[in-house]
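Grab a pencil and have a look at the model below. Try each exercise before you read its solution.

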Amino acid sequence: MDPQRPADNQGYHELDVDSLYYNAAAPGVYMHDYHALGTQSHELKEITTTDAGHESEKTGRNAVDPLLKGRWDRRNPLRDWSYEILGMTVAIGLLIAITLLLRQFDDKEQPKWPHELTLNSVVAVLSTILRALLASIVAEVISYKKWGWFDSAHPLQHLEKFDAASRGVWGSIQLLFLTYKPHMASFGAVLVVSSLAIGPFTQQAIRTTVCQLPMGTDTQKPSVRAAHYVDASDWWVGGHTLPAPYIRTPMKGAIVNGLTTSEATNGFAGFNCPSGNCTFPSYEGVTHSSIGFCSRCTDITGSIRERYVHPNETSIGSGGYAFELADGASINNFEQGSWMQAVSHSGQYSAQQDMSFLTFSFDGCTKSINATTGYEQYRCDHRHAKLPHLSRGLGVLATNCSLFPCLRNYEGSVVNGTLNERVVSVVPTNISDLVGPFRSIVDDRPVIKSPCLVDGRPFDATNFSSVPAAPGRNFTWAIQDERNITAPMECAYTMPWALNFGIVDFLSTSLNGTCLYEWLSSTDLDPSVITCDVDGGNWLLVDFYAGGNATLASVSGILDNVATSITNRMRMTGLGPDGKGPGVVLGDALRTTVCTRVNWGWVALPAALTGLVLLLLGAAVAQSWRDGGGRPVWKSSLLPLLFHGLGYEVPNKQTLVHVHEMKAEAQRMDVRLGKGELDFWLRVD
């Protein structure tokens with residue numbers, strides 16, 4: 001069969017037999033090219049010979065080159081997206097790097113890097129690269145969807161809008177208004193716009209704050225005093241037939257100081273902190289513990305009874321009603337009457353001080369001026385069913401209080417040169433068996449701290465037996481919680497029997513007596529006028545009266561001050577667990593510096609955008625995989641337009657010189673992406 005020539009072969013070469021070839025993969029198909037003289041155009045002619053001997057031919061865009069047919073089907077879409085997948089991998093790595101970097105310095109001192117490089121600048125560089133990678137990936141996805149947009153007819157100008165969206169934020173904003181129907185490209189445009197916030201959000205996540213960090217090991221270790229045992233510096237024992245314990249003047253002064261001033265407010269001076277800011281190791285909220293004294297009070301006003309006192313029973317010849325407690329405490333509002341009374345229930349060999357306070361109180365009463373006399377008067381709205389003869393002008397209060405040896409557990413730190421302490425919990429010593437089958441009256445009584453750190457490990461009553469033996473480590477025992485507990489001395493805090501009894505003996509003498517009301521006249525009532533300077537030294541009781549406004553809280557506060565003052569004195573003179581040196585707890589000195597604090601909520605946006613871009617890329621790869629060879633992955637390349645162009649000769653294209661003229665013409669042209677047997681083109685509808 002002779003090959004055919006073009007109908008008009010003007011300007012064409014003669015057909016050479018070498019230009020005619022046979023493809024064994026497609027029997028009956030012969031291919032040859034005609035090359036135009038002086039041009040780059042070509043025409044492909046396909047001649048097919050059927051079994052019947054008939055010939056058919058296809059020319060131009062509809063001709064099929066069997067060597068090229070199926071090229072798009074054989075290409076793996078992952079190869080077309082390899083750069084974007086690589087960029088996405090790097091972006092995820094950058095996000096992880098930013099997160100790890102922020103976590104590394106969260107609540108830590110700002111790093112000191114060479115060349116004055118700061119954490120903010122490093123994160124800014126990483127977030128900028130992250131944003132650039134995400135934006136470039138989204139741009140390629142938008143460009144990929146650009147060609148799919150023309151699966152149906154749209155104005156040719158839309159091609160430029162998609163191209164502008166892949167190049168920047170303004171183009172992405174314009175693309176959002178191209179159609180109200182959501183699609184992958186518009187979602188990508190939202191991501192491009194949102195990516196602008198990656199830099200500011202990561203910077204906003206980094207905050208600086210003033211913080212306290214431990215100083216170097218070359219500095220002196222801070223310490224706070226805590227007594228495991230108290231030596232004889234504050235007590236001594238006299239007597240002939242029986243031991244008579246007494247406390248020395250410094251301890252007496254501590255008790256008086258607690259009765260007359262606020263020891264808790266004054267603070268404890270037994271600490272050393274070279275930097276002015278120090279912390280101490282804590283376990284379950286406890287930084288240090290010490291043997292000492294504790295207090296407790298309860299309101300027993302409901303136990304008051306009234307009793308009529310006949311005038312013959314008084315020294316002044318006038319009677320009335322007295323208000324009394326079962327232990328003998330009694331007050332009355334007779335002229336020169338007993339206005340407040342404290343009764344001690346303890347003796348020389350008592351382990352704790354028990355006492356009751358009974359007093360008139362005007363707390364909660366309403367004060368007014370009597371219109372007739374011009375003097376102050378009170379109205380007390382009390383409801384004491386058992387005290388029908390208690391005047392409406394008087395209130396009454398009764399408390400039962402105790403001071404007892406105990407273990408005090410503290411939580412404390414030094415801030416700006418001041419030790420801030422609070423009592424976390426207290427454990428009373430076992431005082432019920434001071435005289436019994438296990439111990440004599442002159443034996444000390446330890447209390448066991450549980451849980452307790454030994455060599456940095458926590459132990460409690462269930463596993464004290466597991467504490468390893470060590471040189472110089474001794475053990476003791478105590479009856480606690482109705483159990484016999486054996487523990488290492490590091491966990492034992494002991495109250496010396498003589499100090500214990502001496503303190504209680506002094507308290508029972510000092511906190512026992514009566515205070516009298518000083519009447520100015522029969523009509524003038526001033527509740528603040530009271531004297532306790534009777535029966536020897538009971539002036540210490542005057543603060544319990546609180547100027548006529550005594551409450552359970554005020555009485556408890558005074559006794560708590562006494563207990564704190566006694567404990568602080570013990571801590572100043574107390575010994576450590578080995579009984580040889582002062583009892584101290586070591587801590588860490590802090591220095592003031594600038595730390596980084598990360599607000600992780602601001603990191604959520606970059607993380608979310610990275611995840612969304614990953615989903616967008618995955619959707620684009622999946623779609624290109626589903627398309628198979630139906631559409632090549634051209635993305636942002638301009639070469640498809642240069643090689644394939646428009647399947648349409650634009651009339652008067654020589655007049656389209658300026659861009660606005662081209663835009664106007666493009667707006668009038670509706671095109672769709674067409675596919676021939678060999679190539680693609682934008683076909684004008």
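**Exercise 1.** Is the crossing of α9 and α13 right-handed or left-handed?

*Solution.* This is a predicted model, where local features need pLDDT of at least 70, side-chain atom pairs count only at pLDDT 80 or more, and totals for chains, interfaces and linings use all residues. Residues are numbered from 1 along each chain as its sequence is written, and side-chain values use heavy atoms, with hydrogens and water left out.

Step 1: find helix α9 at residues 249-260 and helix α13 at residues 552-573 (helices are DSSP runs of H or I, at least four residues; strands are E runs, at least two).

Step 2: α9 and α13 cross in a right-handed way (the near helix is turned clockwise from the far one by less than a right angle; anticlockwise would be left-handed).

**Exercise 2.** At what angle do α9 and α13 pack?

*Solution.* Step 1: the angle is about 150°, and the axes lie 7 Å apart (axes are lines fitted to C-alpha atoms over the stretch in contact, with angles from 0 to 180 degrees between N-to-C directions).

Step 2: α9 and α13 are therefore roughly antiparallel (over 145 degrees; under 35 is roughly parallel, 65 to 115 roughly perpendicular, the rest oblique).

**Exercise 3.** Which residues form one aromatic cluster with W339?

*Solution.* Step 1: F323 and F360 join W339 in that cluster.

Step 2: check F323 and F360: their centres are 6.1 Å apart and their planes at 85°, an edge-to-face pair (centres within 6.5 Å; planes over 60 degrees apart are edge-to-face, under 30 stacked, the rest tilted).

Step 3: F323 sits in strand β16 and F360 in strand β19, 37 residues apart.

How values were computed. Rings of Phe, Tyr and Trp (its six-membered ring) pair if their centres lie within 6.5 Å; planes under 30 degrees apart count as stacked, over 60 as edge-to-face and the rest as tilted.
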